[in-house]
Amino acid sequence: MPIHIKKTVNVFICYFLLFVFVYTSFDKIRTYDSFINDLNKSVLIPNFLVFPTSILIIILELTISVLLLFNKTKKIGFMISGLLFILFTGYIFLMLYFSPYLPCSCGGIIGTMTWNQHLVFNITSTVLSFIAFSNEKK
Amino acid sequence: MSILKTKNFLILGLGFVLSILMFMVINLKSSKKNFLKEKGFTRNIKDSYVDLIKQNQLGSDHYTLLGIIDDRVYLRSYNNPSIISIPSSNKSVTSSEYNDIKTYDLEKDHQYSIEVDEINKNINIFNSITQVLTIINADNFTETHRITLKDRFTRASKLGSTILTTTDSSYKLLLKMYKIDNNHKVTFVKSFNMLNGTSMNEDGIIINNNSNCFAYVPFYKNSFYIIDTLSNIIHGKTIDTISTGPKTDLIMNKTKMVYSEPVRITNSNFHFFNNFLAVESAVASDTPYENIKHNSLIDLYNIRGNYKYSIKVNAEDKIKPNDFYIKDSLMYLLSNNSIFIYKIHIQE
């Protein structure tokens with residue numbers, strides 16, 4: 001693929017991921033009680049790990065947003081974003097097919113998606129993150 | 001060197017992510033077992049017990065409970081679209097020996113929102129096809145007022161001089177508030193389309209059950225909204241954070257209205273009760289999906305949107321309510337074509 005197309009693709013993916021992470025992290029902060037409440041009810045996370053998990057997710061999302069802002073750190077940002085989306089995809093897959101019930105802990109517009117739509121959204125975001133990661137110059 | 005570093009970091013990261021997922025799988029097994037053992041989430045269950053007072057047999061139809069005025073129970077029949085009023089002392093709605101059954105016929109294929117106004121002893125019938133609110137006297141079923149709403153609506157409710165409606169707008173749900181003056185002129189007051197940053201794209205019902213506010217409860221989402229007549233709105237979450245289930249339709253099967261597929265909805269039965277919003281739990285109650293053997297568990301939320309406590313209704317064996325209604329200390333459960341009337345004793 002020509003370099004200029006790769007660059008354009010990466011710019012779009014970067015803006016998309018920036019929007020997703022900034023939006024969802026701030027929404028999680030804004031509705032933190034509800035976010036904690038929903039994580040508490042997840043069968044995949046033990047209760048003692050709910051608080052550290054909630055903080056870690058928000059910090060990771062904000063860190064990725066910052067990493068995506070600078071050219072020097074974009075590549076690492078795309079990689080962590082891809083890894084985080086693999087984790088989110090795995091979480092949703094396990095919840096969707098193995099959990100006896102489905103809590104929803106997502107913020108804003110994303111919270112209105114069904115679990116299946118969410119799974120597709122996360123798989124797409126994972127693929128986009130790794131496309132941008134491989135397109136980014138070494 | 002840099003490539004090697006990035007590759008190593010990626011492999012390390014993947015290993016880390018996979019270990020977390022493995023940990024989740026291990027935790028899932030024990031949590032799932034515990035969840036089923038504990039019969040749902042931790043609740044503040046008030047010690048309560050119920051006494052069966054009466055059991056009224058109904059005909060084979062699909063009914064919902066509309067309300068209670070004095071000693072009469074108001075039901076909505078779906079197979080033969082109508083409003084039925086029966087004395088709660090009646091034994092059978094189909095038996096010919098009882099002639100005190102009143103029926104108000106509704107138009108077939110019309111969409112209605114119907115509520116019993118226990119204070120004014122009226123029934124409000126909102127027809128979303130004709131956009132008309134017909135108010136009938138609950139005692140003799142005669143029409144007292146007919147008010148036309150200018151805007152299209154899907155569901156509606158009237159509380160005093162305030163009307164709250166829902167409208168589909170570009171796949172988003174819009175709540176609209178109106179006031180009715182003494183001359184029955186309807187004036188638009190306010191609309192709510194974005195609540196707490198979340199678009200309300202879930203179908204639900206507006207209720208007021210003669211309390212001092214409205215509640216909008218979506219069927220498929222663990223949310224509810226309390227709206228007062230001064231248009232203040234509060235967003236609450238039901239304790240069971242069950243996400244969406246398959247949406248089902250009522251279809252005609254031979255002579256019976258049945259669901260096109262098994263229903264799995266978050267909030268199916270809900271009513272106001274002493275200024276608490278009472279929602280039957282979809283998880284902790286006995287459902288064919290969850291293999292949990294509670295009969296019925298009703299969670300109560302205050303009008304600030306906070307969970308307060310739950311009432312466990314250990315009703316008759318294998319009773320699964322299609323609908324319930326609580327008035328004073330009596331609980332009316334609609335199940336298996338019968339109305340069960342219980343006296344609830346809640347220990348304070």
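In chain B, pLDDT (the predictor's confidence in each residue, from 0 to 100) stays under 50 over residues 259-264. For this stretch the predicted model has 12 contacts beyond four places in sequence, two residues being in contact if their C-beta atoms, placed from the backbone, lie within 7 Å. A further stretch of chain B with pLDDT under 50 covers residues 195-201, for which the model has 19 contacts beyond four places in sequence. Where pLDDT is low, the predicted coordinates should not be read in detail. The mean pLDDT of chain B is 76, and 70% of its residues reach 70 or more. For the complex, the predictor gives an ipTM of 0.83 and a pTM of 0.62.

Because this is a predicted model, local features need pLDDT of at least 70 and side-chain atom pairs count only at pLDDT 80 or more, while totals for chains, interfaces and linings use all residues. Residues are numbered from 1 along each chain as its sequence is written, and chains are lettered from A and ligands numbered from 1 in the order in which they are written.

Chain A has five helices and zero strands, and follows the pattern α-α-α-α-α along the sequence. Helices (H or I, at least four residues) and strands (E, at least two) are DSSP runs, numbered from the N terminus. Of the 138 residues in chain A, 39% are buried. A residue is buried if 20 or more other C-beta atoms lie within 10 Å of its own, exposed if 12 or fewer, and partly exposed in between, with C-beta atoms placed from the backbone. Among contacts in chain A between residues at least 6 apart in sequence, 71% join residues at least 24 apart.

Helix α1 of chain A comprises 28 residues (residues 3-30) and should span 40 Å at 1.5 Å a residue; the end C-alpha atoms are 40 Å apart, which agrees. The expected span is 1.5 Å times one less than the number of residues in the helix. Buried positions in α1(A) include Ile13(A), Leu17(A), Phe21(A), Thr24(A) and Ser25(A), and also Asn10(A), Asp27(A) and Lys28(A).

Helix α3 of chain A (residues 50-69) contains Glu61(A). Glu61(A) counts as buried because 21 other C-beta atoms lie within 10 Å. Leaving aside residues up to four places away in sequence, Glu61(A) touches Phe21(A), Thr24(A) and Ser25(A), and these three residues are among the buried positions of α1(A). The C-alpha atoms of Glu61(A) and Val22(A) are separated by 7.2 Å, with the two residues 39 apart along the chain.

The largest nonpolar core has 61 residues, and those with the most contacts inside it are Tyr74(B), Ala215(B), Tyr216(B) and Tyr332(B). A nonpolar core is a set of buried Ala, Val, Leu, Ile, Met, Phe, Trp, Tyr and Cys residues joined through C-beta atoms within 7 Å. Strand β18 of chain B (residues 213-218) supplies the largest share of this core, five residues. A second, separate core of 27 residues includes Leu84(A), Phe85(A), Leu87(A) and Tyr91(A). Not counting residues up to four places away in sequence, Ala215(B) touches Ile207(B), Phe224(B), Tyr225(B), Ile226(B), Phe272(B) and Leu277(B).

In chain B, an open sheet of four strands has the order β3-β4-β5-β6, with antiparallel pairing. Two strands pair if DSSP finds at least two bridges between them. The edge strands, each pairing on one side only, are β3 (63-69) and β6 (102-105). From one strand to the next, the twist averages 20°; axes are lines fitted to C-alpha atoms, for helices over the stretch in contact, and angles run from 0 to 180 degrees between N-to-C directions. Strands β4(B) (residues 72-77) and β5(B) run antiparallel and are joined by six bridges, forming a hairpin with four residues between them. Strand β5(B) (residues 82-87) is joined to β6(B) by four bridges, again antiparallel. Ile84(B) is the bridge partner in β5(B) of Leu75(B), and in β6(B) the bridge partner of Ile84(B) is Thr103(B). Ser82(B) has Asp105(B) as its bridge partner in β6(B).

Positive phi values occur at Phe141(B), about 60°, and at Ser231(B), about 65°, although neither Phe141(B) nor Ser231(B) is a glycine. Phe141(B) is placed in the loop between β9 (132-137) and β10 (143-148) of chain B, and Ser231(B) in the loop between β19 (223-228) and β20 (233-237) of chain B. Phe141(B) is partly exposed, with 14 other C-beta atoms within 10 Å; Ser231(B) also counts as partly exposed, with 14 C-beta neighbours inside 10 Å.
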